[in-house]
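Student: Could you take me through one part of this structure closely? I would like to hear how its pieces fit together.

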Amino acid sequence: MSINFKQIEEKLKSEATKLLEEGKVGVVLAYGKGYDENHPLPFVARKASDVENIVFNEYCTANMARYIVRYPRGTKIAIAVKAADSRAVIQLIQEDKVKREDLVILGIPAYGMKNAKTGEVVDSKTTCGMYNPVIYDTLLGEEVHGQSVVSPYDVLAEYEAMDKEARWAFWKKELDKCIRCYACRKACPMCYCDPCFIDQNKPKWGEKSPESHGNLMYHLTRFHHLAGRCIDCGECSRACPVDIPLYLFHKKVAKDCEEMFGQAAGMSIEDKPALVNFRVEDSDKILE
Amino acid sequence: MKKTSINKISDLAAELLGKGTLVAPVKEDAGFNFREISNAGQVDLNFYNTLMSPKSAFFPQTEDFVRYDKNKSVLDAQCVDLNLKPVFLFGVRPCDAKSFQIMDIHFSGTGVVDPYWKKRREATTVFGYAFDINTPADGADFYSTLNIGAADPEGSDVFMMKRGDELLLKAVTPKGETLLASLTSLADASADEQKYFDDTVAAGRDFKTRFTCVDDKVIAKKLEDLFHKTEFWEKISDACLSCGACTFVCPTCYCFDICDETLFSKGVRRRVWDACMFTDFTLEASGHNPRTKVYQRLRQKICHKYSFHVRKYGVISCVGCGRCTRNCPVNIDIFSIVDEALKA
């Protein structure tokens with residue numbers, strides 16, 4: 001079985017048209033035509049006539065959940081989500097950034113999504129390796145079954161084999177490449193702090209110049225701020241113009257959190273984010 | 001006019017290294033970037049274009065001005081000297097060479113001279129390098145829209161192009177002439193090669209990247225008229241994440257911030273690239289921010305390049321290198337925006 005992208009695109013268009021015509025939503029967050037087929041854009045349809053611009057193909061990797069917080073609370077939003085994106089939506093609901101009843105979730109079952117820059121398939125390498133949305137109101141295709149499932153943590157093998165010193169050297173080297181364009185935090189659906197700590201200057205948490213200590217301050221703080229919240233969509237790594245493998249750190253922390261607290265981020269609306277919830281039986285491993 | 005064999009390029013690199021600092025494209029994880037060369041064998045002309053623009057040769061992302069110690073008198077603060085050796089900036093594509101001329105307007109052309117930019121410009125000899133006109137341009141490029149040829153020597157001191165296994169080099173400015181005459185690793189080019197060079201420069205004028213007819217004054221006026229059409233800009237910026245990737249890779253973005261960075265008592269006052277796409281770029285001391293919305297910031301970027309700049313300096317501040325489009329995390333394309341503005 002392969003994904004019929006054209007069919008999903010048609011369903012996405014018809015659902016969007018229906019929702020906009022019936023006035024059920026104010027905006028539809030989907031994908032639109034870019035400057036060529038391999039470069040679709042995140043797209044917002046506001047009226048039924050906008051819908052003709054909607055596309056869906058294997059290059060639609062962008063996580064539309066990133067745009068939810070941009071609209072005033074109470075805005076009725078329809079959003080197209082793939083598996084990881086649906087987890088971001090759940091996580092945003094858990095964190096009370098949006099209400100479930102304000103959303104119409106258009107689920108897209110898909111695998112084989114490709115990074116437009118490299119053409120590489122992102123499934124489990126840089127995303128969570130799930131194919132079906134966790135939550136949806138309408139599913140725009142058939143649920144994926146029988147497709148081999150690879151653990152999203154498999155790519156960590158090489159990283160986990162490194163000892164503490166080697167990991168430090170690895171991140172020092174990788175983060176030294178950073179040009180501080182902040183594409184990673186801007187592409188991240190969970191990075192919605194306003195202002196971001198690194199933009200504050202009273203107190204000033206980190207330096208603005210792209211040098212070792214400022215880069216470490218920015219990235220290590222961001223990494224940890226996403227602990228138990230990162231839903232592994234991999235957008236940060238795809239957004240990075242200098243190809244820093246940010247997903248490795250996020251996956252490692254997500255794996256640790258899952259082992260320690262028995263829950264993955266963005267899997268259920270009923271969950272509380274792991275690090276804001278206290279249970280007596282919680283692991284004390286972190287203190288050891 | 002001179003020539004050398006491509007496989008002897010390291011001899012030329014070695015000779016340039018003997019005369020000063022050589023900066024050339026080096027392959028890195030994410031693509032090629034201009035870096036200081038330490039070993040002549042590193043020079044590799046098999047690149048399309050660099051990830052970051054070569055502007056950092058004259059306008060580095062971080063430029064230190066003054067070093068100070070907070071426990072000492074301000075009179076003890078030390079100015080940072082540039083101490084430049086001659087620099088050879090090797091392998092600059094024609095669109096990027098053109099960007100240096102646009103940047104000269106800001107850093108030395110309007111009466112206020114930036115000593116750092118000026119000293120670096122004076123110390124540097126630019127070796128331009130023609131695009132291969134027999135291979136199609138990258139889908140993001142649109143320099144022909146901005147009237148820049150694929151093999152335009154303008155903006156370079158020495159201009160280079162490949163012909164089979166040979167690299168042809170021609171002096172464009174007196175600075176380039178003096179340098180070429182002093183290089184012993186080069187041979188004289190034949191009349192036939194001279195003709196090939198001129199023919200390629202001419203053919204490069206007809207080489208088409210993505211193209212739309214853009215007249216400086218027309219687009220400037222069009223954007224001026226569109227400025228208050230909020231709906232247009234909101235639509236354009238729906239996808240924009242408001243990160244700084246486009247401005248940092250851009251060869252003609254020149255905004256910077258001056259920061260004092262102090263660790264314990266020792267510090268440095270430095271200039272660091274800033275971007276109009278950042279929320280805090282326009283944050284005023286009072287707490288007021290005139291550009292709080294994404295559309296206002298993207299509008300500023302487009303209008304600065306295609307409208308304000310034309311009205312103030314008579315030239316569009318964009319060279320169509322395609323870097324912003326290639327590196328935008330959400331595939332926003334400045335060419336399409338300009339095209340849409342023209343049609344709006």
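Tutor: Happy to; what follows is a walk through the open sheet of chain B, then its domains and one residue, with a look at chain A on the way. Please keep in mind that this is a predicted model.

Let's begin with the sheet. Eight strands of chain B make up an open sheet with mixed pairing, and their order is 3-2-6-7-8-9-1-10. The edges are taken by strand 3 (31–36) and strand 10 (187–188) of chain B; each has a single partner strand, so one side of each is left without a neighbour in the sheet.

At the strand 10 end we can go down to residues. Strand 10 of chain B pairs with strand 1 (residues 2–5) of chain B in the antiparallel sense, over two bridges. In this pairing, Lys2(B) has Asp188(B) of strand 10 standing opposite.

Strand 1 of chain B also brings us to a helix. Helix 4 (residues 174–182) of chain B lies across strand 1, and also across strand 7 (124–129), strand 8 (158–163) and strand 9 (166–171) of that chain. Relative to strand 9 of chain B, helix 4 of chain B runs at about 130°.

Now let's step back to the domains. Chain B is divided into domain 1, covering 2–52 + 82–206, and domain 2, covering 216–265 + 274–343. Their C-alpha centres lie 28 Å apart. Domain 1 of chain B gives 19 residues to the contact, and domain 2 of chain B gives 16 residues. On the domain 1 side of chain B, the residues touching domain 2 are eleven nonpolar, four polar and four charged.

Chain A can be described in the same terms. Its domain assignment gives domain 1 (5–139) and domain 2 (154–280), with 23 Å between the centres taken over C-alpha atoms. Here the contact takes 26 residues from domain 1 of chain A and 24 residues from domain 2 of chain A. The side of domain 1 of chain A that touches domain 2 has eleven nonpolar, eight polar and seven charged residues.

Let's finish back in chain B, with Phe232(B), which sits in helix 7 (residues 230–236) of chain B. Is Phe232(B) buried, exposed or partly exposed? Phe232(B) counts as partly exposed because 17 other C-beta atoms lie within 10 Å, and a residue needs 20 or more to be buried, or 12 or fewer to be exposed. Setting aside neighbours within four places in sequence, Phe232(B) is in contact with Leu226(B) and Ala344(B). As for Tyr295(B), 63 residues separate this tyrosine from Phe232(B) in sequence, while their C-alpha atoms are 9.2 Å apart in space.

How values were computed: Residues numbered from 1 in each chain as written. Chains lettered and ligands numbered in written order. Predicted model: local features only at pLDDT ≥ 70, side-chain atom pairs only at ≥ 80, totals over all residues. Pairing = 2+ DSSP bridges. Helix = DSSP H or I, 4+ residues; strand = E, 2+ residues; numbered from the N terminus. Contact = placed C-beta atoms within 7 Å. Axes fitted to C-alpha atoms, helices over the stretch in contact; angles between N-to-C directions. Domains from an automatic or database assignment. Nonpolar A, V, L, I, M, F, W, Y, C, P; charged D, E, K, R; others polar.
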